[in-house]
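Please look at the model below alongside its sequence. The text that follows walks through selected contacts and surfaces.

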Amino acid sequence: ESLSAQIQRARQHIKNSLECVDGLVAQSSEVDMALASKLSALELENKTLKKVTEDLKGLISKLESRVAALEGGKPAPKPAAPAKEEEEDDDDVDLFGSEDEEDDEEKARVTAERLKAYQEKKSKKPALIAKTSVLFDVKPWDDETDMDEMLKACKSIEMDGLVWGANKLVPVGYGINKLQLMCVVEDEKVSIDELQEKMTEFEDFVQSVDVAAMNKI
């Protein structure tokens with residue numbers, strides 16, 4: 001039997017062994033990923049709600065202060081003047097009354113403008129970007145594969161909307177480890193299938209690439 005045939009048979013034997021062990025490892029990895037993604041989403045939602053609550057409290061406090069100032073700034077009614085002085089006092093009363101009305105109108109206008117600006121700012125908040133957290137299983141050819149170089153090659157892939165995360169080596173048997181590599185992708189910018197294909201192009205290191213777990217963020 002030729003040497004190339006022996007190598008081919010050995011590689012097929014290794015591949016069959018890897019596939020038998022993958023099922024056990026993938027189940028625990030998927031549970032860990034799901035819990036981590038849920039905790040991250042809850043923490044982000046809690047921070048957002050806290051920020052909105054603080055903004056609303058501040059706005060309510062300012063509005064209450066302005067309302068109190070408007071109500072407290074109204075002039076007290078002047079006592080009725082004697083009939084003989086009525087014509088002399090008319091001009092003064094009208095003058096002061098006009099100033100107070102102008103002040104109240106200006107305060108109301110400023111308050112309305114600020115409320116309008118707040119509503120416009122709130123309506124222009126950017127929409128949430130749909131993202132997916134992905135855990136890849138990257139399998140080497142054999143136990144002599146340089147796993148550090150394989151990791152370096154995979155992380156050399158750069159795409160708009162792709163962020164690489166944590167990684168670890170997981171034993172699969174016969175002295176062989178597989179690389180588990182995590183990343184976060186923006187759904188509208190990155191195709192997971194395309195990313196897998198790019199990773200499998202490193203043929204010197206990578207035998208195959210599978211999605212071990214995937215969760216929406």
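Lysine 189 is partly exposed, since its relative accessible area is 45%. This is a predicted model, and the residue serves here as a way into the salt bridges, of which the structure holds eight. Side chains of opposite charge can pair when their charged atoms come close.

The side chain of lysine 189 meets that of aspartate 160 in a salt bridge, at 3.6 Å from N to O. Aspartate 160 sits in the loop between helix H3 (147-155) and strand E2 (162-173), and lysine 189 in the loop between E3 and helix H4 (192-200), so the pair ties together parts that are 29 residues apart in sequence. Aspartate 160 is exposed, with a relative accessible area of 56%.

The loop between E3 and H4 also holds aspartate 187, whereas lysine 216 lies in strand E4 (residues 206-216); the pair therefore ties together parts 29 residues apart in sequence. The closest N and O atoms of this salt bridge between lysine 216 and aspartate 187 are 3.1 Å apart. Lysine 216 counts as exposed because its relative accessibility is 63%, while aspartate 187 is partly exposed, with a relative accessible area of 29%. Elsewhere, Glu106, Arg109 and Glu113 are joined into one network by salt bridges that share partners.

A further salt bridge links lysine 178 and aspartate 137, with 2.8 Å between the closest N and O atoms. Lysine 178 belongs to strand E3 (residues 176-186) and aspartate 137 to strand E1, so this pair ties together parts that are 41 residues apart in sequence. Both lysine 178 and aspartate 137 are buried.

Strand E1 (residues 131-140) also contains leucine 135. Leucine 135 counts as buried because its relative accessibility is 6%, and the cut-off for buried is under 20%. Its C-alpha lies 8.7 Å from that of aspartate 210, although the two residues are 75 apart in sequence.

The second largest pocket holds about 360 Å³ of space. Helix H1 (3-72) and helix H2 (86-123) are the elements that each give two or more residues to its lining. That lining has 15 residues, and Asp55, Leu59, Lys62, Tyr118 and Lys121 lie nearest the centre of the pocket. H1 supplies the largest share, eight residues. By class, the lining of the second largest pocket is made up of eight charged, five nonpolar and two polar residues.

Helix H1 also includes isoleucine 60, which is partly exposed at 47% relative accessible area. Together, Val52, Leu56 and Ile60 make a nonpolar surface patch of about 220 Å².

Technical notes. Residues are numbered from 1 along each chain as its sequence is written. This is a predicted model: local features need pLDDT of at least 70, side-chain atom pairs count only at pLDDT 80 or more; totals for chains, interfaces and linings use all residues. Side-chain values use heavy atoms; hydrogens and water are left out. On a 1 Å grid over the protein atoms alone, a cavity is a set of points where a 1.4 Å probe fits but cannot get out, and a pocket is an open set with protein on both sides within 12 Å along at least five of seven lines; lining residues have an atom within 4 Å of a point. Grid points are joined across faces, edges and corners, and a volume is the space filled by probe spheres set on the points. Helices (H or I, at least four residues) and strands (E, at least two) are DSSP runs, numbered from the N terminus. Ala, Val, Leu, Ile, Met, Phe, Trp, Tyr, Cys and Pro count as nonpolar, Asp, Glu, Lys and Arg as charged, and the others, Gly among them, as polar. Patches are made of residues with over 30% relative accessible area and no salt bridge: like charges are joined within 9 Å, nonpolar side chains (Val, Leu, Ile, Met, Phe, Trp, Tyr) within 5 Å. Accessible areas come from the Shrake-Rupley method with a 1.4 Å probe; for residues, only the protein chains shown count as cover. A salt bridge is a side-chain nitrogen of Lys or Arg within 4 Å of a carboxyl oxygen of Asp or Glu. Buried means under 20% relative accessible area, exposed over 50%, partly exposed in between (1.4 Å probe, protein chains only).
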